[in-house]
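This report goes through the fold, the strand pairing, the salt bridges and a few local features of one chain.

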Amino acid sequence: MAAAIALGTGLRLRNQLRVNSTRLLWATEERERALAQAAITTERADVARELHDSLGHQGTVISMHTNIARESMVTHPETARDALEVVQKTNGAMMSELRRTVRTLQRREPSPAPATLVDLQRSLLAHLPIDVDTEITLPGELPRHLEATAYRIIQESLTNVVKHSEADAARIAVTTADGQVRIVICDPGPPRRADTGAGGPGYGIRGMRERAVNVGGHLTAQQEDNGFVVRAHLPLDYPPTRPDPDGRAGGTR
């Protein structure tokens with residue numbers, strides 16, 4: 001009887017161990033699937049932000065200079081030719097960046113080096129149809145991920161000025177204080193009459209907010225007394241993390 005009881009107990013324990021092991025395996029596999037899905041979702045969000053900011057900016061430049069060429073073709077042909085040259089160069093750059101993004105997604109080449117603030121004048125400000133007053137005061141080089149974040153925030157902010165404001169000028173200030181990079185982009189407005197913002201906060205504002213949160217900072221974008229102002233505070237010593245979809249930001253751009 002004792003042997004039978006011992007045998008039954010052993011069988012029951014082995015069965016319980018097998019059930020527990022199976023449950024643990026299922027839980028591990030489910031966790032791995034959830035982590036993989038989260039990684040895919042995050043990567044898609046990263047790609048969406050990059051495409052929106054870079055290609056969206058270039059598309060805005062093309063649209064604005066196409067309008068300039070159309071309006072100047074008869075009375076100022078030289079201006080029209082210059083505008084069409086900008087359209088051609090910007091379109092070439094946009095297609096190159098799109099092909100590079102596709103190759104990166106196909107894992108055929110590494111991700112391109114992030115843009116830096118040194119590239120502002122050459123690649124960002126040169127072809128904008130507005131005057132931009134730039135003041136960048138930094139004690140030295142920024143971490144690469146932080147500088148890329150600052151560049152994209154400035155790029156998207158200026159794209160919004162061109163698209164949503166009647167201002168013919170904007171101001172950029174990049175400084176450091178209290179262990180933070182402080183970015184201010186301001187245009188005096190007024191907003192374009194057709195731009196009512198009825199659809200709520202646009203993807204551009206949300207993307208900038210996500211970029212700021214991703215490096216431990218925060219961003220606001222709102223109408224103030226002196227125009228529409230984007231303010232970003234990015235800590236210098238914060239390692240990059242994933243964006244928080246519940247971050248705060250105002251504005252409708």
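Of the contacts in the chain with a separation of 6 or more, 73% are between residues 24 or more positions apart. The model is predicted. The chain contains 5 helices and 5 strands, and from the N terminus on these elements follow the order α-α-α-β-α-β-β-α-β-β. Of the 253 residues in the chain, 33% are buried. The exposed area is about 15200 Å², and carbon and sulfur atoms supply 56% of it.

**Helix 4**

Helix 4 covers residues 144-164. At 1.5 Å a residue, the 21 residues of this helix should span 30 Å, and the end C-alpha atoms are indeed 30 Å apart, so the two values agree. How many of the 21 residues of helix 4 are buried? The count is 18, so the helix is largely enclosed by the rest of the structure.

**Strand pairing**

Strand 2 and strand 3 (residues 180-187) run antiparallel and are joined by 7 bridges. Within this pair, T175 stands opposite R182 of strand 3. Strand 3 also pairs with strand 5 (residues 227-235), again antiparallel, through 8 bridges. There, Q180 has P235 of strand 5 as its bridge partner.

Strand 2 and strand 3 form a hairpin with 2 residues between the strands. D178 lies in the loop between them. Its phi is near 55°, a positive value in a residue other than glycine. Most residues other than glycine have a negative phi, and most peptide bonds are trans. With a relative accessible area of 71%, over the 50% cut-off, D178 is exposed.

A departure in a peptide bond is found between G189 and P190, which are joined by a cis bond with omega of about 5°. P190 is in the loop between strand 3 and helix 5 (203-214).

**Salt bridges**

The structure holds 4 salt bridges. The table lists three pairs with the distance between N and O atoms.

| Acidic residue | Basic residue | N to O distance |
|---|---|---|
| D133 | R171 | 3.9 Å |
| D178 | R182 | 3.1 Å |
| E224 | R231 | 2.9 Å |

Which parts of the chain does the pair of D133 and R171 tie together? D133 belongs to strand 1 (residues 131-136) and R171 to strand 2 (residues 169-177), so the salt bridge ties together parts that are 38 residues apart in sequence. D133 is partly exposed at 46% relative accessibility, and R171 is partly exposed at 39%. The two residues also belong to a network of salt bridges that links D133, E135 and R171.

The pair of D178 and R182 involves the loop residue with the positive phi described above. D178 is exposed at 71% relative accessibility, while R182 is partly exposed at 27%. R182 is also the residue of strand 3 that T175 stands opposite.

In the pair of E224 and R231, both side chains count as partly exposed: E224 has a relative accessibility of 23% and R231 has 32%.

**Surroundings of H218**

H218 is in strand 4 (residues 218-224). Is H218 buried or partly exposed? At 44% relative accessibility, H218 counts as partly exposed. Leaving aside neighbours within four places in sequence, H218 is in contact with A212, R231, A232 and H233. Of these, R231 is 13 residues from H218 along the chain, and the C-alpha atoms of the two are separated by 8.4 Å. R231 is also the partner of E224 in the salt bridge at 2.9 Å.

**A nonpolar surface patch**

M73, V74 and L84 make up a nonpolar patch on the surface, and together they have about 330 Å² of accessible area. M73 is located in the loop between helix 1 (2-72) and helix 2 (77-105). At 49% relative accessibility, M73 is partly exposed, because the cut-off for exposed is over 50%.

Methods: Residues are numbered from 1 along each chain as its sequence is written. This is a predicted model: local features need pLDDT of at least 70, side-chain atom pairs count only at pLDDT 80 or more; totals for chains, interfaces and linings use all residues. Side-chain values use heavy atoms; hydrogens and water are left out. Helices (H or I, at least four residues) and strands (E, at least two) are DSSP runs, numbered from the N terminus. Buried means under 20% relative accessible area, exposed over 50%, partly exposed in between (1.4 Å probe, protein chains only). Contact means heavy atoms within 4.5 Å. Accessible areas come from the Shrake-Rupley method with a 1.4 Å probe; for residues, only the protein chains shown count as cover. A salt bridge is a side-chain nitrogen of Lys or Arg within 4 Å of a carboxyl oxygen of Asp or Glu. The expected span of a helix is 1.5 Å times one less than its number of residues. Patches are made of residues with over 30% relative accessible area and no salt bridge: like charges are joined within 9 Å, nonpolar side chains (Val, Leu, Ile, Met, Phe, Trp, Tyr) within 5 Å. Two strands pair if DSSP finds at least two bridges between them.
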